[in-house]
Amino acid sequence: MTKRKFIILGHTGFIGARLLTKLSVLSDTFEVQGLSLEQLDLTKVNSNLDLATIFTPDSTLVMCAAVKKQLGDTPETFAKNMAIIQNLIRLLQSHPVRRIVYLSSAAIYGEDIENLRITENTPPHPRSYYGLSKFNAEWMLQKAVSSTPNTELGIVRPATIYGPGDVANAYGPSGFLNAALSGEEIVLWGDGSEKREFLYIDDVIDILSQYIISDETNLLNIASGTSYTFQDVLDAVQAVVARMPTISSQERSKEKVDNCFDPSRLLTLMPDYKFTSLVSGIKKMYQQISNNEKQSKGQ
């Protein structure tokens, strides 16, 4: 039996590393290969030629590689992300694959736009360079695939992800927990009552891996349909950390908006999936961080 081949670009990142491990253990009929931006700088013209030897007409390309938003939501990072997609598309024109799965983001709906029922049919309205880069990349890949009859495209848009190894340290579960553990002040904007969806990393990997191996091509939001306030996040962190740092409140710089998702499409694909609750996810993250610290100290 011929092994199914999966190529993960960005396999050393927060999501890519776990996805590589997950796909590798799901079946011995899978061949999984990873490449990272450290090995191959796709922002540079002609760097894509190094991929030509591994792209085959029967392989699935999983695109996780990107310049992450924690490096700055700037025109410069936007330009680099566009260069990555442009170089990838140039290669795919001459070395097509059977299927592409693109890891996009729910940021394309607009992080500061009120919406209590976000679905895959919600019109994109990116309000950040990061969200805009994801939206443009989706469109460019769709355009490229439309002229490549033997290549299919699947796009997934996860909500905000957190968990062990998250270096983004953004406003939310990862940022609050890391600040609490390091004794840094936690700043809560307003009363912290705005709602957002937060996904534990293991849930995202479970769903993404099933999407990949199922050959699904329908656009899919990865979201549970349960939103939490930032005060909920702070309460969950307080429940697991013995000593909390100073918590302060600052006046909002923007209007309060809530985001909630309707996960109906996901539930048709995985009707029995049980998402990790916010409290459980932060506990798991805390335990993993604690275990890593003990191991680094030789305990």
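These notebook entries record what I looked up in a predicted model, one helix pair or loop residue at a time.

**Entry 1: α1 against α5**

I began with helix α1, residues 16–26, and helix α5, residues 201–213. I found their axes 10 Å apart and the packing angle about 55°. That angle makes α1 oblique to α5, since the oblique class leaves out angles under 35 degrees, over 145, and from 65 to 115. I noted the crossing of α1 past α5 as right-handed.

I then listed who makes the contact. From α1 come Arg18, Leu19, Lys22, Leu23 and Leu26. From α5 come Ile201, Ile205, Asp206, Leu208, Ser209, Gln210, Ile212 and Ile213. Sorted by class, the contact of α1 with α5 holds eight nonpolar, two polar and three charged residues.

**Entry 2: α5 on its own**

I next checked the length of α5. With 13 residues at 1.5 Å a residue, α5 should span 18 Å, and its end C-alpha atoms are indeed 18 Å apart, so the two values agree. I recorded the buried residues of α5 as Ile201, Asp203, Val204, Ile205, Ile207, Leu208, Ser209, Tyr211 and Ile212. Asp203 is one of these buried residues, and Asp206 is one of the residues of α5 in the contact with α1.

**Entry 3: Asp215, after α5**

I followed the chain out of α5 and stopped at Asp215, which comes just after the helix. Asp215 sits in the loop between α5 and β11, the strand at 220–222. Its phi is near 65°, a positive value in a residue other than glycine. Is Asp215 buried, exposed or partly exposed? I read a relative accessibility of 30%, so Asp215 counts as partly exposed.

**Entry 4: Gly165, beside α1 and α5**

I looked up Gly165 in the loop between β7 (160–162) and α4 (173–182). Its relative accessibility is 54%, and Gly165 therefore counts as exposed, the cut-off being over 50%. Which residues does Gly165 touch, leaving aside those up to four places away in sequence? I found Phe14 and Arg18. Arg18 is also among the α1 residues that meet α5. In addition, the C-alpha atoms of Gly165 and Ile201 are 9.5 Å apart, although 36 residues separate the two in sequence.

**Entry 5: α4 against α6**

I moved on to α4 and helix α6, residues 230–240. Their axes come within 10 Å and cross at roughly 35°. I noted a right-handed crossing here as well. On the α4 side I listed Pro173, Phe176, Leu177 and Ala180. On the α6 side I listed Phe230, Val233, Leu234, Val237 and Val240. This contact has nine nonpolar residues, with no polar and no charged ones.

**Entry 6: α6 against α8**

I then turned to the packing of α6 with helix α8, residues 278–296. The axes are 9 Å apart and the angle is about 45°. The two helices are therefore oblique to each other. I recorded the crossing of α6 past α8 as right-handed.

In α6, Asp232, Val233, Ala236, Val237 and Val240 take part. They meet Leu278, Val279, Ile282, Lys283 and Tyr286 of α8. By class, I noted eight nonpolar, no polar and two charged residues in the contact of α6 with α8. Val233, Val237 and Val240 appear in this contact and also in the contact of α6 with α4.

**Entry 7: Ala242, after α6**

I placed Ala242 in the loop between α6 and β13. At 85% relative accessibility, Ala242 counts as exposed. How many residues apart in sequence are Ala242 and Ala180? I found 62, with 9.3 Å from C-alpha to C-alpha. Ala180 is one of the α4 residues in contact with α6.

**Entry 8: Ser253**

I located Ser253 in the loop between β13 (247–250) and β14 (259–261). Its relative accessible area is 66%, so I entered Ser253 as exposed. The C-alpha atoms of Ser253 and Trp189 lie 8.3 Å apart, across 64 residues of sequence.

**Entry 9: α3**

I closed with helix α3, residues 129–146. Its 18 residues should span 26 Å at 1.5 Å a residue, and the end C-alpha atoms are 26 Å apart, which agrees. I listed Tyr130, Gly131, Ser133, Lys134, Ala137, Glu138, Met140, Leu141, Ala144 and Val145 as the buried residues of α3. Against what do these buried residues of α3 pack? I found α2 (75–94), β4 (99–103) and β6 (152–158).

Note on methods. Residues are numbered from 1 along each chain as its sequence is written. This is a predicted model: local features need pLDDT of at least 70, side-chain atom pairs count only at pLDDT 80 or more; totals for chains, interfaces and linings use all residues. Side-chain values use heavy atoms; hydrogens and water are left out. Axes are lines fitted to C-alpha atoms, for helices over the stretch in contact, and angles run from 0 to 180 degrees between N-to-C directions. Helices (H or I, at least four residues) and strands (E, at least two) are DSSP runs, numbered from the N terminus. A crossing is left-handed if the near helix is turned anticlockwise from the far one by less than a right angle, and right-handed if clockwise. Contact means heavy atoms within 4.5 Å. Ala, Val, Leu, Ile, Met, Phe, Trp, Tyr, Cys and Pro count as nonpolar, Asp, Glu, Lys and Arg as charged, and the others, Gly among them, as polar. The expected span of a helix is 1.5 Å times one less than its number of residues. Buried means under 20% relative accessible area, exposed over 50%, partly exposed in between (1.4 Å probe, protein chains only).
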